[in-house]
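Here is a friendly tour of the model for someone who likes to see cut-offs next to the values. Please keep the viewer open as you read.

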Amino acid sequence: MTRFFKLLSYLFHPIFMPVFGSLLYFGLSPRYIPRGLMYAKLFGIAIMTILVPILFFLLFKNLKIVSSIFLEEVSQRKIPLLAQITLLLFILRTVLEGYEFPELHYFFVGILFSSVLALILVLIRIKASLHSAGISGVLTFITALSIHFNENIIVLLALLVLLTGALITARLFLKAHTPAEIVWGLVVGVAPQLLVTYAWLQ
């Protein structure tokens, strides 16, 4: 069971959630989207949210700023979160300008707000579960998309709910977080997505 929960924690690490949400968005959108454009956007998002953060992690680890990709110590989270905020701003300015894919644009605005909120909590010595924040943010976004596009995706939503529960269970089982830290993570993930939803949900 420990190995399974560790695998789950790696597979659904927070750095994968922007790409995960983007893939689901392109899969659900009823609009015609040229494949070349979709692949270009996904490639840009993957570079800036997965590859570059991994390179940053290797740099930070060599500098002894962080000790693990899971950032167990709250004191190790400040610089990685600042780096993530910078990368998200770059994505919003270059990869996802609001007029092409407004829903996806605001999904990333929500991720940006979540990162800022997580950083504020770090500054007051509160460690929110970033795994919980990431998966719950995706769940909130996809739920709003189902309403926006008037799509019946109850099976997908049920799977996302199960995945969210399994990931939370994994983090608790591995003693990576306390229940309070899980709750903070859910707030960090859900609240910003709900706030930005008002900008595009019709």
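## Starting at a salt bridge

With a relative accessibility of 28%, Glu-100 counts as partly exposed; buried means under 20% relative accessible area, exposed over 50%, and partly exposed in between, with a 1.4 Å probe and protein chains only. Before going on, note that this is a predicted model, in which local features need pLDDT of at least 70 and side-chain atom pairs count only at pLDDT 80 or more, while totals for chains, interfaces and linings use all residues. Residues are numbered from 1 along each chain as its sequence is written, and side-chain values use heavy atoms, with hydrogens and water left out.

What does the side chain of Glu-100 meet in a salt bridge? The partner is Lys-41, at 2.8 Å from N to O; a salt bridge here is a side-chain nitrogen of Lys or Arg within 4 Å of a carboxyl oxygen of Asp or Glu. Glu-100 sits in the loop between helix 4 (78–95) and helix 5, and Lys-41 in helix 3, so this pair ties together parts that are 59 residues apart in sequence. Lys-41 counts as buried, at 11% relative accessibility.

A search of the whole structure finds two salt bridges. Glu-103 and Arg-31 also join their side chains in this way, at 2.5 Å from N to O. That pair links distant parts of the chain, 72 residues apart: Glu-103 is in helix 5, and Arg-31 is in the loop between helix 2 (17–28) and helix 3 (35–62). Glu-103 counts as buried, at 1% relative accessibility, whereas Arg-31, at 40%, counts as partly exposed.

## The fold as a whole

How many helices and strands does the protein chain have? There are eight helices and zero strands, so the order from the N terminus on reads α-α-α-α-α-α-α-α, where both kinds of element are DSSP runs numbered from the N terminus (helices are H or I with at least four residues, strands are E with at least two).

A compact globule of 202 residues would have a radius of gyration near 17 Å, and the protein chain agrees with that at 16 Å. The radius is taken over C-alpha atoms, and the globule rule is 2.2 Å times the number of residues to the power 0.38. Along its principal axes, the C-alpha trace spans about 45 × 35 × 30 Å.

Buried residues make up 52% of the 202 residues. Of the contacts with a separation of 6 or more, 77% are between residues 24 or more positions apart; contact means heavy atoms within 4.5 Å. The protein chain exposes about 10500 Å², and carbon and sulfur atoms supply 70% of it.

## Aromatic rings

The structure holds 12 aromatic pairs. One of them joins Phe-107 and Phe-141, stacked at 4.3 Å centre to centre with 15° between the planes. Phe-107 lies in helix 5 (residues 102–123) and Phe-141 in helix 6 (residues 130–148), so the pair ties together parts that are 34 residues apart in sequence. For reference, rings of Phe, Tyr and Trp (its six-membered ring) pair if their centres lie within 6.5 Å, and planes under 30 degrees apart count as stacked, over 60 as edge-to-face and the rest as tilted.

Phe-107 and Phe-141 are both buried. They also belong to one aromatic cluster, formed with Tyr-25, Phe-26, Phe-101, Phe-108 and Phe-149.

Elsewhere, Arg-171 lies over the face of Phe-70, at 5.0 Å from the ring centre; this calls for NZ of Lys or CZ of Arg within 6 Å of the ring centre and within 35 degrees of the ring normal.

## A few single residues

Some individual positions are also worth a look.

| Residue | Burial class | Relative accessible area |
|---|---|---|
| Thr-140 | buried | 13% |
| Pro-179 | exposed | 57% |
| Asn-150 | exposed | 70% |
| Lys-175 | exposed | 73% |

Thr-140 is placed in helix 6. Leaving aside neighbours within four places in sequence, Thr-140 is in contact with Val-190, Gln-193 and Leu-194. Pro-179 is found in helix 8 (residues 179–197), and its C-alpha atom is separated by 28 Å from that of Ile-50, 129 residues away along the chain.

Most residues other than glycine have a negative phi. Asn-150, in the loop between helix 6 and helix 7 (154–173), has a positive phi near 55°. Lys-175, in the loop between helix 7 and helix 8, has a positive phi near 60°.

Conventions. Areas by Shrake-Rupley, 256 points an atom, 1.4 Å probe, with all protein chains shown as cover.
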